[in-house]
Amino acid sequence: KIVKTFKLKTRARRMQTKEKAFFFLSCGGRFIPAAKSVFRTLTRRSAVCKEEGEGHDTMGGDEDAPPQSTDVAEVGEGASSGGKKGRYRREKPWDVDGIDHWKVEPFTKEDNPGGMLDESSFATLFPKYREKYLREVWPSVTRALKEVGVACELNLVEGSMTVRTTRKTFDPYIIIKSRDLIKLLSRSVPAPQALKILQDDVQCDVIKIGGLVRNKERYVKRRQRLIGPNGSTLKAVEMLTACYVLVQGNTVSCMGGWKGLKTVRKIIEDCMRNMHPIYHIKELMIKRELAKDPALANQSWDRFLPKFKKKNVKRKKPSKIGKGKKDTVFPPAPVPSKVDQQIESGEYFLSQEAKRRREAAEKLEKQKEALSASQKRRNDAFVAPTEDGGGGEG
């Protein structure tokens, strides 16, 4: 009871402080007589209310609580039907046991007969070397996009490709697929392969690998490691993940399902962080074999997967660095400049006319040497060949 009384008094003091601050601000920063009288009245009322509340708590603490309302019965009824969340649960006649919840139903024109309310468009730039190829395949791209109600434009002046919705567009997500199509075309993906992105079960991912490695030589080596000899490593990754992978410049373009794209991204990022793709390939091959066994469907596969530990191999350091070189206290002499060489030869002190005569003499000497060398080459053609074999005269 003492603790409860102390809490109530502290709360009353806080309330008085708040009311006092409110009236102080409402009166423009000073108290006026009317505000003071209102403040006193409210302070008395709050004190009386606190005393009544304290008396009610001390006197009615031992009495039984009043009966609850009819909500208790409702809660009990809801709990009997499956808890609080089950109160509003209704039976769904279409949700049967044999239904596949993960199946992606095709989106047809009957699902959205009204079409789109507004126009959406996307544009992307393409490099100069792709211009010739895009001009050849653009009619086939236009036909494929026309079937789904999307218009496309190839601007050779700006070097850009644009896709936009039309009145015949019925699928809201097809504009996102079209954006991915022009993005893949600009990243050197062949047009027949890139057009598969318009299918519902195919997605794409463009992975930027240019900024993952700072050293250019190391970056080129790791990118080549991802491709492998004659593209064997990349082909193995494509077969195990059921994805299309193309390494082009500073990006890697991937196409396939969501699960395969996630695996491919992990393999590529780990390869650029100096982890060889063969480790992931071996793990994927083991997982593919384990998936064929129905007895292991609900078990953990950790005991079958290989565990590779990172080893830091220490390199042998030479016993003595710079063996054979003598330690010198003084730094090496500076390389003489062009002016120092001219001073040493005396050319620096010659007049302009003397320099001109000297250059002309050197030029004439070089011409004489070249002329004599060319004359010697001409005379060599007239030298009689030596006769082989020989028994001498007679």
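## Strands, helices and a buried Asp

The protein in this predicted model has a secondary structure that comes to 12 helices and 6 strands.

Student: What percentage of the 394 residues count as buried?

Tutor: Let's take the whole chain before any single residue. The cut-off for buried is under 20% relative accessible area. Out of 394 residues, the share that passes is 25%.

Student: Which strands stand at the edges of the open sheet?

Tutor: Start with the order: 3 strands make up this open sheet, arranged β4-β6-β5 with antiparallel pairing. An edge strand has a single partner, so one of its sides is left without a neighbour in the sheet. That description fits β4 (203–208) and β5 (244–248).

Student: How many bridges join β5 to β6?

Tutor: The two strands run antiparallel, with β6 covering residues 251–256. One of the pairs puts Tyr 244 opposite its bridge partner Met 255 in β6. The number of bridges joining β5 to β6 is 5.

Student: Which helix lies across β4, β5 and β6?

Tutor: Two helices are worth checking here. α5 lies across β4 and β6, at about 45 degrees to β4. The helix you want covers residues 258–272 and runs at about 10 degrees to β4. That's α9.

Student: In the hairpin of β2 and β3, which residue takes a positive phi?

Tutor: First, the strands: β2 (residues 150–155) and β3 run antiparallel and are joined by 6 bridges. Among the pairs, Glu 153 has Thr 162 as its bridge partner in β3. The hairpin has 4 residues between the strands, and the one with a phi near 75 degrees is Gly 159.

Student: Where does Asp 171 lie?

Tutor: Look at the elements on either side of Asp 171: β3 spans 160–165 and α5 spans 174–186. Asp 171 sits in the loop between β3 and α5.

Student: How far away from Asp 171 is the nearest side chain of opposite charge?

Tutor: Asp 171 is buried, yet it has no salt bridge. A salt bridge would need a side-chain nitrogen of Lys or Arg within 4 Å of a carboxyl oxygen. The nearest candidate by charge is Lys 177, and its distance is 8.3 Å.

Student: Which residue has its backbone nitrogen 3.2 Å from a polar atom of the Asp 171 side chain?

Tutor: The cut-off for a polar contact is 3.5 Å between N or O atoms. At 3.2 Å from a polar atom of the Asp 171 side chain, the backbone nitrogen in question belongs to Tyr 173.

Conventions:
Residues numbered from 1 in each chain as written. Predicted model: local features only at pLDDT ≥ 70, side-chain atom pairs only at ≥ 80, totals over all residues. Heavy atoms only, no water. Buried < 20%, exposed > 50% of the residue type's maximum accessible area, 1.4 Å probe, protein only. Lys, Arg positive; Asp, Glu negative; His and termini not counted. Polar contact = N/O pair within 3.5 Å; in protein donor to acceptor, adjacent residues only side chain to side chain. Pairing = 2+ DSSP bridges. Contact = heavy atoms within 4.5 Å. Axes fitted to C-alpha atoms, helices over the stretch in contact; angles between N-to-C directions.
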